[in-house]
Amino acid sequence: MKVLLIGMNHRSAPVELRERFAVGDLGPALEKLADSSEIEEVAILSTCNRVEVVATVSNFDAARHRVIRFFGSEWQPDVALPSASPIEDHLYVHRDGDAISHLFRVTSALDSMVVGEPQILGQVKEAYRLAVDAGVSGPILSRLFQRAFATAKRVRSETRIAEGPVSVARIGVDLVGQVFEDLGSKQGLLIGAGEMVEAALVALQGHGLRRAVIANRTLEHAEELAARFGVEAAGLSDLPSILSGSDIVLSSIGGEGPILTREVMESALQKRRGRPMVVIDIGVPRNVASDVDDLESVYL
């Protein structure tokens, strides 16, 4: 039995490609791979910055071709890949010891965009749970993931890895300080109500931000988070009216396409009369249209 790991991350593939594989339900993908004769056990890790398939296989070369074909044409057959280059150019392939070492590094947040970020451990645990629930994980992957979790725990307890900035959201907030020296007079708009938005709000308030609005599809979730931080809550339908008064916008919410289109942003900027706006998009798929970066007074 051999261990195979194939994937892409923030170093090997642009966000335009990675977001094509951001799907909410991994069940069908797991079942399709597990039905392959080349694959015995399989799990899929899908996060904002990486998509990886880890499997136990009987024939390495046959399984490698199968997974690469799955990435290239079967995962999202109705979605065209943005790059003219072959999908193989953006994938890394690890086998046996190298695959195990890579999974340990990922789970321990050593391979993250922000080294030491704590979210990845929960995401790997969720990937393993989904594989177990789908009946496609067996004794080998079970042992592998349990060892990965134990390794991550040791890394966090026996090293100083968690002493620096611990999330992409907080790094984004640090970038805000390069545009606005004083956040006390600014207003923030945070779109979403998950861990990243909460981390960003903690960091923004730590930098002196007093006024903020949390906007979310489910208003109740926005209200719950807003009440904890003493800020306002709104639904996504209120975004056009809130945007014009927002100096800092951070978005991390799921969806099929951009929530902040160029047209919506242009309308808000007209009302701002040239005042700058910092927009941080950490959603995958992206929450902000790429051509927003062409607008004057916007730092995307």
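Hi everyone, let's begin with a helix: α9, residues 219-229, lies across β6 and β7 and runs at about 170 degrees to β7. Contact here means heavy atoms within 4.5 Å, and the axes behind such angles are lines fitted to C-alpha atoms, for helices over the stretch in contact, with angles from 0 to 180 degrees between N-to-C directions. Helices (H or I, at least four residues) and strands (E, at least two) are DSSP runs, numbered from the N terminus.

A quick word on what we're looking at. This is a predicted model, where local features need pLDDT of at least 70, side-chain atom pairs count only at pLDDT 80 or more, and totals for chains, interfaces and linings use all residues. Residues are numbered from 1 along each chain as its sequence is written, and side-chain values use heavy atoms, with hydrogens and water left out.

Now, the sheet under that helix. Six strands make an open sheet, in the order β7-β6-β5-β8-β9-β10, with parallel pairing. Two strands count as paired if DSSP finds at least two bridges between them. At the edges stand β7 (232-235) and β10 (298-299); each has a single partner strand, so one side of each lacks a neighbour in the sheet. Further in, β5 (residues 187-191) and β6 (residues 211-216) run parallel and are joined by 5 bridges, and L189 has V213 in β6 as its bridge partner.

Over on β9 (277-281) and β10 we find α11 lying across them, at about 155 degrees to β9. Helix α11 covers residues 262-272 and includes R272. Is R272 buried or exposed? R272 is buried, at a relative accessible area of 1%, where buried means under 20%, exposed over 50% and partly exposed in between, using a 1.4 Å probe and protein chains only. What does its side chain reach? The R272 side chain comes to 2.9 Å from the backbone oxygen of S246, and makes a polar contact with the D247 side chain at 2.7 Å. A polar contact is a pair of N or O atoms within 3.5 Å; within protein, one must be able to donate a hydrogen and the other to accept it, and residues adjacent in sequence count only if both atoms are side-chain atoms.

Let's move to β3. All 8 of the 8 residues of β3 are buried, so the strand is largely enclosed by the rest of the structure. In a regular strand, side chains alternate between the two faces of the sheet. Both faces of β3 are covered, with R50, E52, V54 and T56 buried on one side and V51, V53, A55 and V57 buried on the other. Its partners are antiparallel: β1 pairs with β3 over 8 bridges, and β2 is joined to β3 by 7. A hairpin of 3 residues links β2 to β3.

On β1's side of that pairing, M8 stands opposite V51 in β3. M8 also turns up in the largest nonpolar core, which has 49 residues; M8, F71, W75 and F145 touch the most other members. A nonpolar core is a set of buried Ala, Val, Leu, Ile, Met, Phe, Trp, Tyr and Cys residues joined through side-chain atoms within 4.5 Å. A second, separate core has 26 residues, including V173 and I280.

V173 brings me to my last stop, A203 in helix α8 (residues 195-206). A203 is buried, at 10% relative accessible area, and touches R170 and V173, leaving out residues up to four places away in sequence.
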